Amino acid sequence: MRKWKQVIQAVLLLCAAAVLFCAVKKADQAGSIQIHEEYLEIEGVTHEYDFMLIADTHISLCDERDAQLMEKAAARKAAFEQESGKKAVRTFHNLITESVKNGMDLTIFAGDITDSAMHASIDFVQNEINRLDKPYLYVTGNHDFEYGSEYFSKKAYQKYFPRLENLTKTDKQYVIHEYDDLVIAGIADKNNQFDKEAVEALLPYMKGTKPVILVTHVPLMPRYKDSDLEVLANNVWGLSKSGACRVLLGEKGCRPDKTTKKLLDAVFAENSPAAAVFAGHIHFYNRSMLNNTAAQFITGAGYCGDAVRIHISPDMKKKQ
């Protein structure tokens, strides 16, 4: 009898352990993350760096301060959770934890971190970013400062864009993080274009001798025919009514205006210091070449827990 009692207790303990294991796994799924490991050698760089690239977390939290957006925010939050099977706030927390744990030299936020300029979303992101013990760079995407029906409107820039200043650490449409051998130049999205003042500020770096990594929300279209990125983007997002790519910035996609074209031409110039472009926006991971010299790293959707860890090192082939 005692033996059977011990067997039953053992079975119950195993069942309890199994239930606990399943609960932990289920909870983990709600905020699990996937980090793509990438390596990039850059001519002219003399140090090694580790960067974390995060975008499109679409944090959609709302409280009474933005009561008019409660319904929209709840619907957006539910849609992202249904698509990913995860909670964006938890994946964001886990991504920040990953960056801290691995001692990233720079955490790069490439837009659409918030889904709208709601105070609760901004406060949450700010509190999480405050956990970083090393620098970060934050550029805005096409959602960060939208507000209800205000989307890239004059009112959106005047009233809601300033809400993000503590996050971006600037009231400008660009931000620079400079090392002695490398420049990280971030530029905000302006409805698939770039701001004139921002372009003018970045052009001297794009015409200098120090290697540059450009951070932009919308990826650039490679300048060669039928690139894999273009094919993938068209398959996922479809074409515009005019038959152009809807999510890449370039002549066959989101066509650049004169100001934006100045910066793109500087990136693609024959002797450009542009070593790479970091981006988000398209919600899937991709690494490809923009031309013969510059690579582009695009992170998948942060609300799905995706991010890219990029190790930068000197180009040893050029040293030999």
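Hi everyone, let's start with the overall make-up: the chain has 10 helices and 11 strands. Please keep in mind that what you see is a predicted model.

How does the radius of gyration fit a compact globule? For 320 residues, a compact globule would come out near 20 Å, and this chain has 22 Å, so the two agree. If you drew a box around the C-alpha atoms along the principal axes, the box would be roughly 85 × 60 × 40 Å.

Now the inside and the outside. Of the 320 residues, 53% count as buried. The accessible surface is about 15500 Å², and carbon and sulfur atoms make up 53% of that surface. As for charge, there are 39 positive and 42 negative side chains, with the centres of the two sets 4 Å apart.

Here is a point about the fold. Among contacts with a separation of 6 or more, 76% join residues that are 24 or more positions apart.

Next, the cores. In soluble globular proteins, nonpolar side chains tend to be buried together. The largest nonpolar core here has 34 residues, and the members touching the most others are Phe92, Phe109, Val125, Ile129, Tyr138 and Phe145. Several elements each give at least two residues to this core, including strand 2 (49-54), helix 3 (88-101) and helix 4 (119-129). Let's zoom in on Val125: beyond its neighbours within four places in sequence, Val125 is in contact with Ile59, Phe92, Ile113, Thr114, Tyr138 and Leu167. There is also a second, separate core of 26 residues, and Leu106, Ile108, Tyr179 and Val308 are among its members.

Let me finish with two residues. Thr107 sits in strand 3, which covers residues 106-110. Is Thr107 buried or exposed? Its relative accessibility is 1%, and buried means under 20%, so Thr107 counts as buried. Leaving out residues up to four places away in sequence, Thr107 touches Met52, Ile54, Ser99, Leu132, Pro135, Tyr136 and Leu137.

Our other residue, Leu220, belongs to the loop between strand 7 (212-216) and helix 8 (228-237). With 0% relative accessibility, Leu220 counts as buried too. Which residues does Leu220 touch, not counting those up to four places away in sequence? They are Leu229, Leu249, Leu264, Val267, Phe268, Val277, Leu290 and Gln296. And for a distance you can check yourselves, Leu220 and Val247 are 27 residues apart along the chain, while their C-alpha atoms are separated by 9.0 Å.

Thanks for listening!

How values were computed:
Residues are numbered from 1 along each chain as its sequence is written. This is a predicted model: local features need pLDDT of at least 70, side-chain atom pairs count only at pLDDT 80 or more; totals for chains, interfaces and linings use all residues. Side-chain values use heavy atoms; hydrogens and water are left out. Helices (H or I, at least four residues) and strands (E, at least two) are DSSP runs, numbered from the N terminus. The radius of gyration is taken over C-alpha atoms; the globule rule is 2.2 Å times the number of residues to the power 0.38. Buried means under 20% relative accessible area, exposed over 50%, partly exposed in between (1.4 Å probe, protein chains only). Contact means heavy atoms within 4.5 Å. Accessible areas come from the Shrake-Rupley method with a 1.4 Å probe; for residues, only the protein chains shown count as cover. Lys and Arg count as positive and Asp and Glu as negative; His and the chain ends are not counted. The place of a charge is taken as NZ of Lys, CZ of Arg, CG of Asp or CD of Glu. A nonpolar core is a set of buried Ala, Val, Leu, Ile, Met, Phe, Trp, Tyr and Cys residues joined through side-chain atoms within 4.5 Å.
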